[in-house]
Amino acid sequence: MDTVLKPRESVRGGIAARTALGEATLPLGRILEGDCVEAMGWLPTASVDCVFADPPYNLQLGGDLNRPDGSHVDAVTDAWDKFASFKTYDDFTRAWLTEAKRVLKPNGSLWVIGSYHNIFRVGAILQDLGFWILNDIVWRKSNPMPNFKGTRFTNAHETLIWASTGEKARYTFNYRTMKTLNDELQMRSDWVLPICGGPERIKRNGTKAHPTQKPEALLYRVMLATTNKGDVVLDPFFGTGTTGAVAKRLGREWIGIEREQDYIAVAHERIEAALPLDESALTTMQSVKPQARVAFGTLVENGLIAPGVELFDRKRKFSAKVRTDGSLLSGGATGSIHSLGAQLQGAPSCNGWSFWHVEHEGEIKPIDALRQLYLLAIED
C-alpha cells in the first residue's frame, strides 16, 4: 500500500476534508503530503495520543557559516525555515498548534522541540491556546558543533516542551519505565544524548539528507515516557521519518505530514527498513502498584494470628504474646510490633514485620509472610 497520501485538489482542509477522508478514519502508517495545517484538517477531532513536532526554527541566519579553515558549515538555509517576520512565524505557529490541540485526545501529550530562536515564542503561544506545560526538557548534546566565530557560548543544547491539553488533563507518564531506563534513578529533565551522526545520519550524494535530523534515541525516550503500545503518534513536520521509524520499532502507530518531496522519499525508504521489536522486548517496566496498607491488628481480627500466640525473634532471644487489640506484651512492657521490638533491643527503631516470627503450619515464619497471605486473599 502506498504510504503517501496526497490531498485531493477539490478538498482542502477543515470539515470538508475530514468528511471526505471519513470521520472515523485515521491514515495510520501514512505520510500526508502538503502543508501541515491543511493536512491536520484531514484528521478527526480527538484522534491521536501524542503529537511530536520539530517545527522550523526560524534561525534568521545572516549569511554563510564557515569553519576557521574556510570550509563551509552545513547549516539550515532551506526555504522552509525562512519567515518574513516574527509575526509571520507566530501566526504560523498559532495555526499548527491550534490544529494539534484539536486532533489530540483529551489525555494526549504535545512535544515541541526548538532552539533559543523559537522555543520561547512557541511556549508562549501554546500556553495562550490552553496547553499546560508539564516539563521543559533540555537535550544537552554530548558532541555539539562549536561556535566557530568565537563570539558566543557554544550552543550545546535544544529545548523540548512537554505539555498536556490542559491543567486537569490525565496525561500518560510511564514513570517506572523511565526509572528503569535510567539505572533505577529518577529520570531528570536534562538528557545527555549525542547529535545524529555515524550510520544513523542519512546522506544522499555525500550530503545530509536533512540538516536537522534528530537522533532516534531522543524519540525513543519521548515515546517510551509518554505513550503506550498501540498509541497513535502524529508528527506534523515529518522530515526524514525519525518519528515513524521509532514508532514502528516500539509498536506505536504513526502519522506523518511533510511537504518536501525529497524528505518524503527518504522517510518512506527508511521506515520500510525499520524492524519492529519483538513482543518480549516491548514489555517495559510499569509503575509498581502501591501495596495495600495492612495493620498487624488486621491479621489478628481475621484469624491469621490468634490472641495469646507467642511471637519471637529469629534467634529466640526475645518473645512476646499477642493481645486482642494487636499489641504485644513482654514481661511488663507493651507496645506495637515495631515499638516493642525496638524497646527490647534498645534500638531507635524496628521493622516488626521482619523482626517477629511465629510458628505457622509447622514452620517458623516472619509475620510478614502472613501479611502477604492476607494480601493475596483480598486480591483474589
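Start by selecting helix α3, residues 86–103, together with helix α4, residues 119–128: the two pack at an angle of about 45°, and their axes lie 10 Å apart. Keep in mind as you look around that this is a predicted model. Angles from 65 to 115 degrees count as roughly perpendicular and those under 35 as roughly parallel, so α3 and α4 are oblique to each other. Turn the view until one helix lies over the other, and you can follow α3 as it passes α4 in a right-handed crossing.

Now show the side chains where these helices touch. On α3, pick F86, Y89, D90, T93, R94 and L97; on α4, pick R121, V122, I125 and L126. Colour them by class and the contact of α3 with α4 comes out as 6 nonpolar, 1 polar and 3 charged residues. While the helices are on screen, a reminder about spacing may help: an α-helix has 3.6 residues a turn, so residues three or four places apart point the same way.

Next, move along to helix α7, residues 242–249. Is this helix mostly covered or mostly open? It is mostly covered, with 6 of its 8 residues buried. To see them, select T242, T243, G244, A245, V246 and A247, the buried residues of α7.

What do those buried residues pack against? Add two strands and a helix from one list to your selection: β3 (48–53), β10 (232–235) and α6 (216–226) are among the partners. Then bring in β11 (253–258) and α8 (261–273), which also pack against the buried residues of α7. Before leaving, click on G251, which follows α7 and has a positive phi, near 75°.

For the next stop, go to helix α13, residues 367–379, and find R371 within it. Is R371 buried or exposed? Its relative accessibility is 18%, and because the cut-off for buried is under 20%, R371 counts as buried. Display V294, L299 and W353 as well: R371 is in contact with these three, leaving aside its neighbours within four places in sequence.

Finally, zoom out to the whole protein. Its secondary structure comes to 13 helices and 17 strands. Of the 380 residues, 46% count as buried. If you draw the contacts between residues at least 6 apart in sequence, 68% of them join residues at least 24 apart. Switch on the surface to end the tour: the protein exposes about 20,000 Å², and carbon and sulfur atoms supply 51% of that area.

Definitions and conventions. Residues are numbered from 1 along each chain as its sequence is written. This is a predicted model: local features need pLDDT of at least 70, side-chain atom pairs count only at pLDDT 80 or more; totals for chains, interfaces and linings use all residues. Side-chain values use heavy atoms; hydrogens and water are left out. Axes are lines fitted to C-alpha atoms, for helices over the stretch in contact, and angles run from 0 to 180 degrees between N-to-C directions. Helices (H or I, at least four residues) and strands (E, at least two) are DSSP runs, numbered from the N terminus. Angles under 35 degrees count as roughly parallel, over 145 as roughly antiparallel, 65 to 115 as roughly perpendicular and the rest as oblique. A crossing is left-handed if the near helix is turned anticlockwise from the far one by less than a right angle, and right-handed if clockwise. Contact means heavy atoms within 4.5 Å. Ala, Val, Leu, Ile, Met, Phe, Trp, Tyr, Cys and Pro count as nonpolar, Asp, Glu, Lys and Arg as charged, and the others, Gly among them, as polar. Buried means under 20% relative accessible area, exposed over 50%, partly exposed in between (1.4 Å probe, protein chains only). Accessible areas come from the Shrake-Rupley method with a 1.4 Å probe; for residues, only the protein chains shown count as cover.
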